[in-house]
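Me: I'd like a close look at just one part of this model, a single strand and whatever it pairs with. Could you walk me through it in one go?

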Amino acid sequence: MKNKKQSSFSSKYWLIIISVLCVILLGIERFTDGGGPLRFIASYTVVPMQEGISYVGRFMSDLSDNFDTLEDMKKENKKLQSKVDELTIDNTRLRQEQYELERLRELYKLDENYSDYDKIGAHVVANNGSNWFTDFTIDKGTKDGVQVNSNVLAGSGLVGIVIEAGPTYARVRSIIDDASNVSSMMLSTSDTCMVRGDLKLMDDGRLRFEKLPNNDNKIEAGEQVVTSHVSNRFLQGLFIGYVSEIEVDSNNLTRSGYITPAVDFSKLQEVLVITTTKQNLLEADETQESQESQESQETQEPQDEEGE
């Protein structure tokens, strides 16, 4: 019972104290024209809270704007990247076309250098899997006039010879192959020699020539080597390369040395195939000689009759 009275008494006192404080504060507020304790208390409680809420609002607004800006930047970056990709593809295509044009110009010059022969262009579609194009396949065949023993050109001169021909393809053995032997000659002297393929030498970018007569004809580095007139498979005068080294053999009868080839056998993409073979030319010459002999006989027969 005593506790209940004490609690009631305390509550009444607290209520009186709070009421008095409120009256005092209101009085002070009135006499100080609004610059009293309430404003002082508000300046340390309500105002900072309002500023905090305002700051959070501005931060969220800025964050939203930044997010929108970031999305716009991502979209713009995607467009720019797409443009860069397109330009890269276009640049790559232009470079490929430029390289192809340069190669075709080389083939055109080569075609002009050997204008006496009928030729057809072809693309290299496969090789034997090595770093060097020793044995490769082209996309032209017998339907296009290509035949076995057709001579093949690229770069500045002779590449090799066709060893197999189908309707739409042909296999070519290059002059650097170990099984290749080309009857050749020095351009300035017409001295004949034999150029042999050697893949080990190709690592140094060289071919070997042998059996060059050791005569009074002077041969120096830089001499041009071409196919000879005595070859039974290669047409005469096809450029092979330049002499880089020469020495007299131990028998003192012949000379041998090395040649820098006129063709880069590590990069073959387009070639020219001479559709006329050496055998075709020999047969044509025999036919022409036979016709001339027959015409000569026919011309002489009436004269013989008149003489009788």
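Reply: Sure. Keep in mind that this is a predicted model. Let's take strand β12, residues 270-274. Is β12 enclosed or open to the outside? Five of its five residues are buried, so the rest of the structure largely encloses this strand. The cut-off behind that word is under 20% relative accessible area.

The burial holds on both faces of β12. One side carries E270, L272 and I274, the other V271 and V273, and all of these are buried. Note that E270 is on the list of buried residues along with L272 and I274.

Now for the pairing. Which strands does β12 pair with? One is β1, residues 119-127, which runs antiparallel to β12 and is joined to it by five bridges. If you want a spot to centre your view on, G121 has L272 of β12 as its bridge partner. L272 belongs to the side of the strand that also holds E270 and I274.

Another partner is β3, residues 151-154, again antiparallel to β12, with two bridges between them. Here V152 stands opposite V273, and V273 sits on the β12 side shared with V271.

Put together, β12 has antiparallel pairing with β1 and with β3, and its two faces are both covered. For contrast, look further along the chain at D285, which lies in helix α5, residues 278-307. At 39% relative accessibility, D285 counts as partly exposed, and it helps form a negative surface patch with E283, E286, E289 and E292.

Definitions and conventions
Residues numbered from 1 in each chain as written. Predicted model: local features only at pLDDT ≥ 70, side-chain atom pairs only at ≥ 80, totals over all residues. Heavy atoms only, no water. Buried < 20%, exposed > 50% of the residue type's maximum accessible area, 1.4 Å probe, protein only. Helix = DSSP H or I, 4+ residues; strand = E, 2+ residues; numbered from the N terminus. Pairing = 2+ DSSP bridges. Patch = residues over 30% accessible without salt bridge, like charges linked within 9 Å, V, L, I, M, F, W, Y side chains within 5 Å. Areas by Shrake-Rupley, 256 points an atom, 1.4 Å probe, with all protein chains shown as cover. Salt bridge = Lys/Arg side-chain N within 4 Å of Asp/Glu carboxyl O. Lys, Arg positive; Asp, Glu negative; His and termini not counted. Charge placed at Lys NZ, Arg CZ, Asp CG, Glu CD.
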